[in-house]
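Reader: I have the sequence and the model open at the bench. Please take me through one part closely: the sheet, and what its strands hold on to.

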Amino acid sequence: MSLTKEDLIDKVEFVGERKVLQVRNKTVIKDSGVVVSESYSRDSYYPGVDLPEELQPYADGVWTESLISEYAAHLQALEESTQYPEPAQ
């Protein structure tokens, strides 16, 4: 009996107006070459973040400088809209 574990990138997709990169990971456990378990997990990456090397080729064609700048401006606008004035004394 020999157990092995494989971690794979199962699916890569871009979602929404902001082109969020979603990655579905698959973990496969095998016993003597026979699959005994499969499980999935998901990671999300937003435009402009540092990506793992194996994901960089996916983002290169989609995350343009324009998209990254627009996303940064969107985050800045959200931050500004949630700031509250100092209470009067």
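Author: What follows is a walk through the sheet, its charged pairs, a surface patch and one helix residue. Keep in mind that this model is predicted.

Start with the layout. Three strands make an open sheet, in the order 1-2-3, and they pair in the antiparallel sense. Strand 1 and strand 3 are the edge strands, and each of them pairs on one side only. From one strand to the next, the twist averages 20°.

Find the strands in the sequence. Strand 1 covers residues 3–15, and strand 2 covers residues 20–31. Strand 3 takes residues 34–45.

Now look at strand 2 against strand 3. Their antiparallel pairing runs over 11 bridges. For one register check, go to Val 23. Its bridge partner in strand 3 is Asp 43.

Next, the charged pairs. The count of salt bridges is five. Three of them are worth a visit here, one at a time.

Take Glu 6 and Lys 30. Their side chains form a salt bridge, with 3.1 Å from N to O. This pair links distant parts of the chain: Glu 6 sits in strand 1, Lys 30 sits in strand 2, and 24 residues separate them. How exposed is Glu 6? Glu 6 has a relative accessible area of 32%, so it counts as partly exposed. Lys 30 is at 23%, and it is partly exposed too. Buried would need a value under 20%.

Move to Arg 42 and Glu 13. Here the side chains meet in a salt bridge at 3.4 Å, N to O. This pair also ties distant parts of the chain: Arg 42 belongs to strand 3 and Glu 13 to strand 1, 29 residues apart. Arg 42 is partly exposed, because its relative accessible area is 41%. Glu 13 is at 28% and is likewise partly exposed.

The next pair is Arg 18 with Glu 17. Their salt bridge is 3.8 Å, N to O. The cut-off for a salt bridge is within 4 Å, so this pair counts. What about exposure on each side of the pair? Arg 18 has 25% relative accessibility, which makes it partly exposed. Glu 17 has 67%, so it counts as exposed. The line for exposed is over 50%.

Leave the charges and turn to a nonpolar patch on the surface. Met 1, Leu 3, Val 34 and Val 36 make it, and its area is about 480 Å². Val 36 lies in strand 3. With 52% relative accessibility, Val 36 counts as exposed.

Finish with the helix residue. Tyr 58 is in helix 1, which spans residues 56–60. What does Tyr 58 touch, once its neighbours within four places in sequence are left aside? Tyr 58 is in contact with Val 12 and Phe 14. Along the chain, Tyr 58 and Phe 14 are 44 residues apart, while their C-alpha atoms are separated by 9.3 Å. Tyr 58 itself is partly exposed, since its relative accessible area is 40%.

To retrace the route on screen, begin with the strand order 1-2-3. Go on to the pair Glu 6 and Lys 30, then to the pair Arg 42 and Glu 13. End at Tyr 58 and its contacts, Val 12 and Phe 14.

Note on methods:
Residues numbered from 1 in each chain as written. Predicted model: local features only at pLDDT ≥ 70, side-chain atom pairs only at ≥ 80, totals over all residues. Heavy atoms only, no water. Helix = DSSP H or I, 4+ residues; strand = E, 2+ residues; numbered from the N terminus. Buried < 20%, exposed > 50% of the residue type's maximum accessible area, 1.4 Å probe, protein only. Patch = residues over 30% accessible without salt bridge, like charges linked within 9 Å, V, L, I, M, F, W, Y side chains within 5 Å. Areas by Shrake-Rupley, 256 points an atom, 1.4 Å probe, with all protein chains shown as cover. Pairing = 2+ DSSP bridges. Axes fitted to C-alpha atoms, helices over the stretch in contact; angles between N-to-C directions. Contact = heavy atoms within 4.5 Å.
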